[in-house]
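Hi everyone, thanks for coming. I've got one structure to show you today, so let me put it on the screen.

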Amino acid sequence: MSSRAPPKALLQDMVVPPRQLFGPGPSNMADSIAETQSKSLLGHLHPEFVQIMGDVRLGLQYIFKTDNNYTFAVSGTGHSGMECAMVNLLEPGDRFLVVEIGLWGQRAADLANRMGIEVKKISAPHGKAVPVEDIRKAIAEYKPNLVFVCQGDSSTGVAQPLETIGDACREHGALFLVDTVASLGGTPFAADDLKVDCVYSATQKVLNAPPGLAPISFSDRAIEKIRNRKQRVASFYFDALELGNYWGCDGELKRYHHTAPISTVYALRAALSAIAKEGIDESIQRHKDNAQVLYSALKKNGLEPFVEDEKLRLPCLTTVKVPEGVDWKDVAGKMLTNGTEIAGGLGATVGKIWRIGTFGINSNKTKIENVVELLSNSIKETRSKI
Ligand code: PMP
């Protein structure tokens, strides 16, 4: 019988340095959220926890701006929201239209490919959005069953306009799916007004909670399609009707589905409470105002946003062009040594940009000015080495 000694590393304390998280996520946890992480666990069907889940559902309806009954949180990170949406809303033989403005459209297409679903992509060059008229035309011509749009693509910093896409979807019998992982709470979104049939997000960006839950909402049209599927959803864990029952969305007696990540649900409730206290529209306005602070500070330091059209910039995640002759990695590394994270590009934007996330509590004038000062000094230091 082989036996292993206890790993030496585990006999030491864990090292977790304090960090200012100004990358694309996770963002910093607000104190009111961090406090919840040491609260006692409750059983996942205890009445007090059921009450907390109910509060979370109300908070999510508030921030998604929807009356959808099937509004809850999937246990998992943003990707679990994406997978949950797609495995429920797509069936073999369906056609899927993906609006691609960066990595997240590619990821949605990749998931559909794995499911054997036919995908058509309509793409924009990086740093730009797809004109809404082109999307409407593609819907009319291709007649997809499902249309995917990422509202805020964290690989490019572009905010894709969504207006009237939902109308085109209704007109041509498609469902409308939107990724708001990097945008919810930081830029305007209203599921019902935009006629969105499914929207998902994540906890670790504007909400300032730890990663681990994916808020999601399904319209009645979406639920009808799921109920009338020819084949059962291939995933038990992501079955929207099962999850909806567990979250109390269908008015039936709750069945055990899985053990919710109790502490992360506490964190999400605290995050939603913070947004309710500030007001969702006030939160969005603050992100917009502080994006201006960031643009001015960049300009003052001779730096340029990657997304040229200001109307298409995601207010809570700004991409910045790496100046000629500067090593982006060296700069980001220097900043991290100073306790502040910003990130390089992702996918096709690697090497070309930095990504600065100003999510939730990090959307703050003084903090933003400090980050840009540190960025500018770090660039100067790396340049003086050459
Ligand atoms: N969509 C977008 C727009 C994202 O920015 C991310 C995370 N960066 C995801 C989906 C996936 O989320 P997660 O990493 O939490 O799985």
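I'll go through the ligand site, then a domain record, and then two spots in the backbone.

One thing up front: this is a predicted model.

Okay, the ligand. Which residues are around the ligand? Going along the chain, we have Thr77, Gly78 and His79, then Trp104, then Cys150, Gly152 and Ser154. After those come Asp179, Val181 and Ala182, and finally Gln204 and Lys205. If you sort that shell by class, you get six polar residues, four nonpolar and two charged.

Now for some individual contacts. Thr77 has a polar side-chain atom 2.7 Å from an oxygen atom of the ligand. His79 also has a side-chain N or O atom 2.7 Å from a ligand oxygen. With Lys205, a side-chain N or O atom sits 2.8 Å from a nitrogen atom of the ligand. And how much of the ligand's accessible area does the protein cover? On its own the ligand has 390 Å², and the protein covers 87% of that. As for the space that the ligand takes, that's the second largest pocket.

Next, the record. UniProt, in an unreviewed entry, puts a domain called "Aminotransferase class V" at residues 40–348. In our model that span is 40% helix and 16% strand, and its end C-alpha atoms are 44 Å apart.

Last, the backbone. Where should you look for a cis peptide bond? Go from Gly25 to Pro26, where omega is near 0°. Pro26 is in the loop that runs between β1 (20–21) and α1 (31–34).

The other spot is Lys143. Its phi is positive, near 50°, and this isn't a glycine. You'll find Lys143 in the loop between α5 (132–142) and β5 (146–150).

That's my tour, thanks!

Technical notes: Residues numbered from 1 in each chain as written. Predicted model: local features only at pLDDT ≥ 70, side-chain atom pairs only at ≥ 80, totals over all residues. Heavy atoms only, no water. Near = heavy atom within 4 Å. Polar contact = N/O pair within 3.5 Å; in protein donor to acceptor, adjacent residues only side chain to side chain. Areas by Shrake-Rupley, 256 points an atom, 1.4 Å probe, with all protein chains shown as cover. 1 Å grid on protein atoms, 1.4 Å probe; cavity = no way out; pocket = protein on both sides within 12 Å on 5 of 7 lines; lining within 4 Å. Sits in = over half its atoms within 2 Å of the grid points. Nonpolar A, V, L, I, M, F, W, Y, C, P; charged D, E, K, R; others polar. UniProt positions renumbered as here; feature names shortened; annotations may be inferred. Helix = DSSP H or I, 4+ residues; strand = E, 2+ residues; numbered from the N terminus.
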